[in-house]
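Biologist: I would like a close look at one part of this model, the place where its helices pack against each other. Please take me through the packing step by step, and set it in the context of the whole chain.

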Amino acid sequence: MRVEPGDLVVADDTGVCFIPRDRIIEVLELAEKKATAEDLRCKAIDGGIPIPDISRSTYGEKDK
């Protein structure tokens, strides 16, 4: 991927992510949505809801 001036670069212990300038808002909105969903799952786990129930409510029932 070509990195241009103005692109966003985010790095931590696990890797580096390059986000093109014209997609920063889109990526931020998706990341915030994912973080909110993760917070809800963590609260459900802390509240004693079994993980399979959380998984079904998040991803739907799997065909057997």
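Modeller: The model is a predicted one, and its chain holds 2 helices and 2 strands, which follow one another along the sequence in the pattern β-β-α-α. The part you ask about is therefore described in the usual terms, since two packed helices are characterised by the angle between their axes and the distance between the axes. Here helix α1 covers residues 24–46 and helix α2 covers residues 51–59, and the two pack at an angle of about 150° with their axes 10 Å apart. Because an angle over 145 degrees counts as roughly antiparallel, α1 and α2 are roughly antiparallel to each other. The crossing in which α1 passes α2 is right-handed.

On the side of α1 the contact is made by Arg41, Ala44 and Ile45, while α2 contributes Ile51, Ile54 and Thr58. Sorted by character, the residues of this contact comprise 4 nonpolar, 1 polar and 1 charged; Ala44, Ile45, Ile51 and Ile54 are the nonpolar ones, whereas Thr58 counts as polar and Arg41 as charged.

As for the setting of this contact, the C-alpha trace of the chain spans about 45 × 25 × 20 Å along its principal axes. The radius of gyration of the chain is 17 Å, whereas a compact globule of 64 residues would have one near 11 Å. Of the 64 residues of the chain, 8% count as buried.

Conventions. Residues are numbered from 1 along each chain as its sequence is written. This is a predicted model: local features need pLDDT of at least 70, side-chain atom pairs count only at pLDDT 80 or more; totals for chains, interfaces and linings use all residues. Side-chain values use heavy atoms; hydrogens and water are left out. Axes are lines fitted to C-alpha atoms, for helices over the stretch in contact, and angles run from 0 to 180 degrees between N-to-C directions. Helices (H or I, at least four residues) and strands (E, at least two) are DSSP runs, numbered from the N terminus. Angles under 35 degrees count as roughly parallel, over 145 as roughly antiparallel, 65 to 115 as roughly perpendicular and the rest as oblique. A crossing is left-handed if the near helix is turned anticlockwise from the far one by less than a right angle, and right-handed if clockwise. Contact means heavy atoms within 4.5 Å. The radius of gyration is taken over C-alpha atoms; the globule rule is 2.2 Å times the number of residues to the power 0.38. Buried means under 20% relative accessible area, exposed over 50%, partly exposed in between (1.4 Å probe, protein chains only).
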